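Subject: Structure handover and interface notes

Hello,

I am passing a structure on to you, with notes on what was found in it. Please look it over before reading the notes.

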Amino acid sequence: MLTLYDTTLTSRLLLGTARYPSPAIMEAAIRASGTQIVTVSLRRETAGGGRGGQFFEVIKGLGVHVLPNTAGCHTAKEAVLTARMARDLFATDWVKLEVIGHHDTLQPDVFALVEAARELCADGFQVFPYTTADLVVAEKLLEAGCRVLMPWASPIGSARGLVDPAALVSMRAHFPDVPLIIDAGLGRPSHAAEAMELGYDAVLLNTAVAGAADPVAMARAFAAALEAGHAGYHAGLLEPRDMAVPSTPVIGKAVFA
Amino acid sequence: MNILIKGAGVAGLTAAFALTRRGYSVTLLDPNAPGMGASHYAGGMLAPWCEGETAPQVVIEAGIEAIGWWDEVLPGLVERKGTLVVAPARDQSELERFARRTTRHQWLDEAAIAELEPALAGRFRRGLFFADEAHLDPRAALAGLADAMLRMGVRLVAQADEGDFARIIDCTGRSAIKRGSGLRGVRGEMLYLKTYEIALSRPVRLLHPRIPLYVVPRDNGRFMVGATMIESEHDGPVSARSLMELLNAAYALHPAFGEAEVIETGTGIRPAYADNIPRLAGSGRHLSINGLYRHGFLMAPALAEELADRLQAEPQRRSAIA
C-alpha cells in the first residue's frame with residue numbers, strides 16, 4: 001500500500017493524460033494499468049477560456065484521483081496561479097508542481113520550485129514537486145511543507161531511463177520515510193522495474209505509454225514491471241559478485257577445481 | 001424525398017453533393033456562408049498514410065478513397081504530389097518512429113529531398129516521402145462544391161422548418177458539442193504566411209516531439225502553417241505561445257519564412273468523438289455526420305457516400321419485408 005498525503009493507494013503507477021491517440025485509448029490505457037492517479041496539464045488546455053470543456057469532463061468521469069500539474073510554467077508566480085486555477089477546477093488540494101527552468105531539457109528551476117512550494121504549502125495545497133535528485137533541494141522542499149518528492153530519472157519525454165542511479169540510491173537512503181516517485185524520463189517497463197528495485201514508491205509516466213504503438217498494452221506492461229520491481233525489492237535482492245557461484249552443491253565432488 | 005442538411009461545412013457540403021447527385025432534393029441550412037466553420041481553417045492535406053501514425057485503419061481506408069472523390073468532383077483542384085516528412089537533426093528519432101508507425105513511404109537522402117523540393121536543398125539529411133498522398137486548397141474546394149450544388153438545384157437557406165423534411169441530417173460540427181453528445185472540441189490554431197522567396201510543391205511535415213507541424217503551399221506565394229491540437233472548446237484568438245511555435249516550425253523548415261508576411265491567423269474547434277473517429281450516427285428521421293476531428297477532408301466523402309447508400313437502401317428493405 002502506498003500513502004500519499006493521507007490517501008491510501010494500491011497502484012504504484014501514476015499516468016499522464018497528454019498525447020494519446022484519442023481519449024478513448026487514454027481511458028482504456030488507464031483502466032488497463034490499474035492506475036489510481038492521473039495527472040492533467042492545466043496550462044495549455046485552458047487557453048484563455050478558464051475551462052477545458054468536455055476533455056476535463058472525461059478526466060473527471062474516470063473515477064480516479066486527479067493530480068493537476070503546472071506543466072509549462074516558467075516562473076513561481078505562474079505556477080502558483082495555475083495551481084489555484086486547478087484547485088477550483090478539480091476541487092482538489094493536490095498539485096504536481098512543475099517550474100521549468102530550461103526550455104530545451106525541461107529541467108526544473110529548483111529555486112523557483114522551492115519558492116512556489118513554500119507559497120502553495122502555506123496556502124493549504126498538498127504539493128507533489130517535480131525536482132532533480134539534488135538532496136539539498138529535496139531538504140528545502142520538505143522544509144517548505146512537501147510530504148512527497150518526485151525526482152526525475154532523466155529529462156521529460158527522453159525515454160532514457162535512470163541516467164544517474166547512484167543519485168537516486170542516495171536520495172532513497174537520505175529520505176527513507178518520504179514517499180519518492182520517479183517522475184519523467186522513463187521509456188521502457190524495465191526502467192520502471194529498475195526504479196522499484198531501488199526502493200522507490202511509485203513512478204509517473206506519460207509519453208512512454210501515450211506514445212507507444214499500443215498504449216493499452218504498454219500500460220499493462222508497465223503495471224506488471226512495477227509490480228515485479230516492487231516485489232523484488234521487498235523480497236531482498238542479491239548483491240552482485242565478481243565470481244561465479246554455482247547453484248548446485250560442489251562438496252563431495254572428486255575435484256574442487 | 002426532401003432532405004434537410006444542417007451545417008454547410010465540409011461534412012454538410014459533401015453530404016449535400018452526394019445526395020443531390022443521387023437524385024434527392026436537398027436543402028442546406030446554415031446561418032453563415034458555406035465553409036466558414038472549422039473547415040475554413042483546414043490544412044486540406046489528403047494524407048491517409050501519414051495520418052495512420054495515430055489514426056486507425058478505417059480512417060486510412062476512407063482517406064485513400066477521398067483523394068479520388070475530390071479529384072472526380074472538382075477536377076483540377078487536387079494536387080497529387082505526395083507529402084514530405086522531415087525532422088530537425090536533433091529529432092531524428094521522431095522520423096524513425098514516424099516511419100515505423102506508417103506505411104507506403106520511402107526514405108529519401110539529401111539529394112532526393114533536393115530533387116523533390118529544391119528550396120529545401122541541404123537543409124535535411126533524410127526524409128520520408130509519401131508519394132501517393134495529395135492535397136487541395138480547402139477554401140477553394142468548399143467554394144467549388146457549393147457552386148456545383150447550387151447549379152444542381154440545392155437550396156441554401158438560413159432558416160428552415162424541420163417539419164417540412166423527411167430526413168434531417170445534422171452536420172453542425174462543433175455546435176453539436178454538449179454534455180452527453182459524446183463530442184468534444186479540439187482547438188486548432190493556424191496561420192497564413194506570404195512570401196515569394198521560397199516555393200514548395202507539396203505539404204511538408206516537420207516532426208517534433210511536442211509540436212509536430214506542417215506547411216502547405218497555396219497559390220500566390222501563400223503558405224498555410226498549422227496546426228495546434230489543444231483539448232479545449234475555447235475559440236478565442238491564437239495564443240502568443242502557439243503563434244511562436246507555428247512560426248518557429250516554419251522558420252526551422254526554411255529561414256526564408258522569417259521574412260514572410262503573416263497575412264492571417266485563425267482558430268477552429270474540431271468536433272471529435274472519444275475515439276477520434278468520424279462517423280455517421282443516428283437512426284430513422286434524424287441522422288448526423290460529425291466528429292470529423294482532424295480528418296474532415298479525408299473522411300467527409302466516405303461518410304457522405306455512406307449516408308447516400310443508407311438512404312437508398314431504406315425503401316428496398318421496406319419492400320423486401322412487405
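Below are notes on the contact between the chains, then on the domains of chain B.

This is a predicted model, in which local features need pLDDT of at least 70, side-chain atom pairs count only at pLDDT 80 or more, and totals for chains, interfaces and linings use all residues. Residues are numbered from 1 along each chain as its sequence is written, chains are lettered from A and ligands numbered from 1 in the order in which they are written, and side-chain values use heavy atoms, with hydrogens and water left out.

Chain A and chain B

The contact (heavy atoms within 4.5 Å) involves 24 residues of chain A and 25 residues of chain B. About 1,900 Å² is buried between the two chains, with 46% from carbon and sulfur atoms; buried area is the accessible area (1.4 Å probe) that two parts lose on being put together, summed over both.

One salt bridge (a side-chain nitrogen of Lys or Arg within 4 Å of a carboxyl oxygen of Asp or Glu) is found across this interface. It joins the side chains of A:Glu57 and B:Arg179, at 3.2 Å from N to O. Six residue pairs, both at pLDDT 80 or more, are in polar contact across the interface. A polar contact is a pair of N or O atoms within 3.5 Å; within protein, one must be able to donate a hydrogen and the other to accept it, and residues adjacent in sequence count only if both atoms are side-chain atoms.

Domains of chain B

The assignment, automatic or from a database, splits chain B into domain 1 (1-79 + 135-182 + 274-322) and domain 2 (83-131 + 184-272). Their C-alpha centres lie 27 Å apart. In contact are 29 residues of domain 1 and 35 residues of domain 2. The area buried between these domains is about 2,600 Å², and carbon and sulfur atoms give 58% of it. B:Tyr41, B:Trp49 and B:Glu53 supply 24% of what domain 1 buries against domain 2, more than any other three residues.

Between the two domains there are five salt bridges. The side chains of B:Arg139 and B:Glu264 meet in a salt bridge at 2.8 Å, N to O. There are also 10 residue pairs in polar contact between the domains, both residues at pLDDT 80 or more.

Regards
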